[in-house]
Amino acid sequence: MSNRKKIIAGVAGVCALFFGFVAVRIGAQPNDDSVKLVAIQGGTEAKIGKEAYKDAYPLQYNSFMKNNEETPSPTGYGGSMEGNSHLEHQPEMLENFKGYKFALQYDDDRGHTYAGYDLLHTKRLPGQKGSCLQCKGSYVYDVYFKEGGWAYASKPFDEVAAPITDDEWFGCSTCHDPDTMQLRVYQQGFVEAMARRGVDVNAASHNDMRAYVCAQCHTEYYFTAEDGRVNHPYDNGLDAESEYKFYQTGQAGGFKGDWMHPDSKTMMLKAQHPEFETWATSVHADAGVTCVDCHMPYMRDGGKKYTSHWMSSPLKYTKEACLKCHDESEETLVARVKTIHDNTFKVQRIAGQSVAKAHLAVKAAMDAGVPDASLEDARAKLREAQWYWDWVAAENGMGFHNPDKIMRTLGLSIDLAHQAVESAQAAQYGIKPI
């Protein structure tokens with residue numbers, strides 16, 4: 001045998017040994033795609049409760065319980081901390097939400113494991129209906145909806161919440177079908193709204209489902225005036241302007257707004273965390289990167305690969321969530337995200353403060369005796385300005401999910417707020433707006 005042949009044979013032998021070892025490792029330790037799915041046994045209550053999944057999926061369960069941790073955000077914005085009040089960090093909210101329950105308490109979200117506890121202990125709870133339970137766990141679907149459709153939505157909150165035990169709030173069955181353990185969307189308002197857009201959620205690809213299981217709750221919604229069911233304003237598009245059009249053109253039916261602002265006497269809309277809409281047209285979405293890829297990345301434990309169920313900031317596990325795609329250093333990535341957060345928060349506060357001034361400008365005109373008919377234009381601009389500001393302020397990404405869309409929306413808010421002030425002052429002093 002020639003030296004050349006010997007070298008080739010040696011390389012081939014090394015490759016065979018190496019790839020043989022890899023094959024053995026992969027075969028011995030299945031990855032997330034080949035993990036045996038174990039259906040949960042027992043009745044409906046067992047399948048809703050989290051404890052039933054503990055033994056079948058220990059790695060996933062233990063990582064899910066990490067949501068109990070209360071830790072600050074790596075960039076200083078958000079963070080799973082009890083009592084982290086938006087009202088303290090953005091005092092302009094006290095004026096903008098005046099007369100509404102968000103002026104009583106508006107804290108940053110804690111981990112998903114606190115979904116039930118924080119709902120039951122919020123100052124905003126008194127007087128609410130069963131529809132408020134829609135995204136706090138699958139109990140409303142697996143028990144109430146399967147038995148009586150949307151009837152629970154308009155019932156008193158206390159009546160609907162009473163049977164739910166601590167173990168039955170947000171958990172495994174919220175995203176997984178207990179009988180198959182496949183991803184599922186249980187939130188029927190989302191299913192119905194997506195159907196109007198021509199999307200059959202139940203026939204979605206696995207990758208799309210990795211977004212939809214989060215999107216079903218991390219999205220803008222309202223309660224219909226007719227029966228209190230949850231609905232989403234997607235019909236015209238997935239941005240703040242399209243959703244505002246939905247409310248303005250009567251597509252929301254009898255729902256006209258959430259409350260009448262006591263200072264400006266303007267019927268206001270309250271935006272609800274539109275993470276899905278913000279992400280939907282982002283560079284990550286265009287690349288097929290979903291919520292799960294960043295917030296629930298693959299992890300390894302003793303050679304076993306599994307999906308983390310600790311749903312937190314990707315910057316808390318940058319190596320698994322970010323560096324698998326990005327080749328920058330961790331320090332560079334964190335700095336880039338912090339810059340986006342810093343810039344968004346600064347402009348968000350400018351928008352919020354501009355909206356607050358608009359409320360007071362309309363009030364000043366009213367106090368001066370300006371008739372309502374002369375303030376219609378100012379109120380229309382104010383309502384829209386606050387919607388755009390709140391659409392961003394309520395979104396949990398602090399600009400990162402889609403910086404371009406977020407900055408555009410804040411720019412619209414600031415411009416309309418200034419127009420509202422000019423319109424109110426023109427009505428009060430007879431000065432024509434520039």
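**Exercise 1. The crossing of α16 and α17**

Task: Describe how α16 and α17, which cross with left-handed sense, are placed relative to each other, and say which residues meet.

Solution. Keep in mind that this is a predicted model.

- Step 1: Start with the axes. Those of helix α16 (residues 330-367) and α17 come within 10 Å and cross at roughly 155°.
- Step 2: Turn the angle into a description. Angles over 145 degrees count as roughly antiparallel, and α16 is therefore roughly antiparallel to α17.
- Step 3: List the contacts. From α16 come T344, Q348, A351, G352, V355, A358, H359, V362 and M366, and they meet A378, R379, L382, A385, Q386, W389, V392 and A393 in α17.
- Step 4: Sort these residues by class. The contact of α16 with α17 has 11 nonpolar, 5 polar and 1 charged residues.

**Exercise 2. A second partner for α17**

Task: Work out how α11 packs against helix α17 (residues 376-393), and give the make-up of their contact by class.

Solution. Let's take the geometry before the residues.

- Step 1: The axes of α11 and α17 are 10 Å apart, and the angle between the helices is about 135°.
- Step 2: An angle of about 135° is not over the 145 degrees that roughly antiparallel calls for. The two helices α11 and α17 are therefore oblique to each other.
- Step 3: For the hand of the crossing, α11 and α17 give a right-handed one, while α16 and α17 give a left-handed one.
- Step 4: On the α11 side you will find A240, E241, E243, Y244, Y247 and Q248; on the α17 side, A380, R383, E384, W387, Y388 and W391.
- Step 5: Counted by class, this contact of α11 with α17 has 7 nonpolar, 1 polar and 4 charged residues.

**Exercise 3. A covered helix**

Task: Find how many residues of helix α10 are buried, and name elements that cover them.

Solution.

- Step 1: Helix α10 spans residues 206-215, and 7 of its 10 residues are buried, so the helix is mostly covered.
- Step 2: The buried ones are M209, R210, A211, Y212, V213, C214 and A215.
- Step 3: Among the elements that cover these residues of α10 are α9, α12 (275-280), α14 (291-295) and β5 (298-301).

**Exercise 4. Salt bridges**

Task: The structure holds 21 salt bridges. For the pairs R110 with D118, D235 with R196 and R336 with E328, give the N to O distance and say how exposed each partner is.

Solution. Go pair by pair.

- Step 1: R110 and D118 meet through their side chains at 2.6 Å, N to O. With 12% relative accessibility R110 counts as buried, whereas D118, at 28%, counts as partly exposed.
- Step 2: For D235 and R196, the salt bridge has an N to O distance of 3.0 Å. D235 sits in the loop between β2 (230-231) and α11 (240-248), and R196 in helix α9 (residues 188-196), so this pair ties together parts that are 39 residues apart in sequence. Both partners are partly exposed: D235 has a relative accessible area of 31%, and R196 has 39%.
- Step 3: In the bridge between R336 and E328, the closest N and O atoms are 2.8 Å apart. R336 is partly exposed at 40% relative accessible area, and E328 is partly exposed at 24%.
- Step 4: Finally, look for shared partners. Salt bridges of this kind join E70, E82, R110 and D118 into one network.

Conventions
Residues are numbered from 1 along each chain as its sequence is written. This is a predicted model: local features need pLDDT of at least 70, side-chain atom pairs count only at pLDDT 80 or more; totals for chains, interfaces and linings use all residues. Side-chain values use heavy atoms; hydrogens and water are left out. A salt bridge is a side-chain nitrogen of Lys or Arg within 4 Å of a carboxyl oxygen of Asp or Glu. Buried means under 20% relative accessible area, exposed over 50%, partly exposed in between (1.4 Å probe, protein chains only). Helices (H or I, at least four residues) and strands (E, at least two) are DSSP runs, numbered from the N terminus. Axes are lines fitted to C-alpha atoms, for helices over the stretch in contact, and angles run from 0 to 180 degrees between N-to-C directions. Angles under 35 degrees count as roughly parallel, over 145 as roughly antiparallel, 65 to 115 as roughly perpendicular and the rest as oblique. A crossing is left-handed if the near helix is turned anticlockwise from the far one by less than a right angle, and right-handed if clockwise. Contact means heavy atoms within 4.5 Å. Ala, Val, Leu, Ile, Met, Phe, Trp, Tyr, Cys and Pro count as nonpolar, Asp, Glu, Lys and Arg as charged, and the others, Gly among them, as polar.
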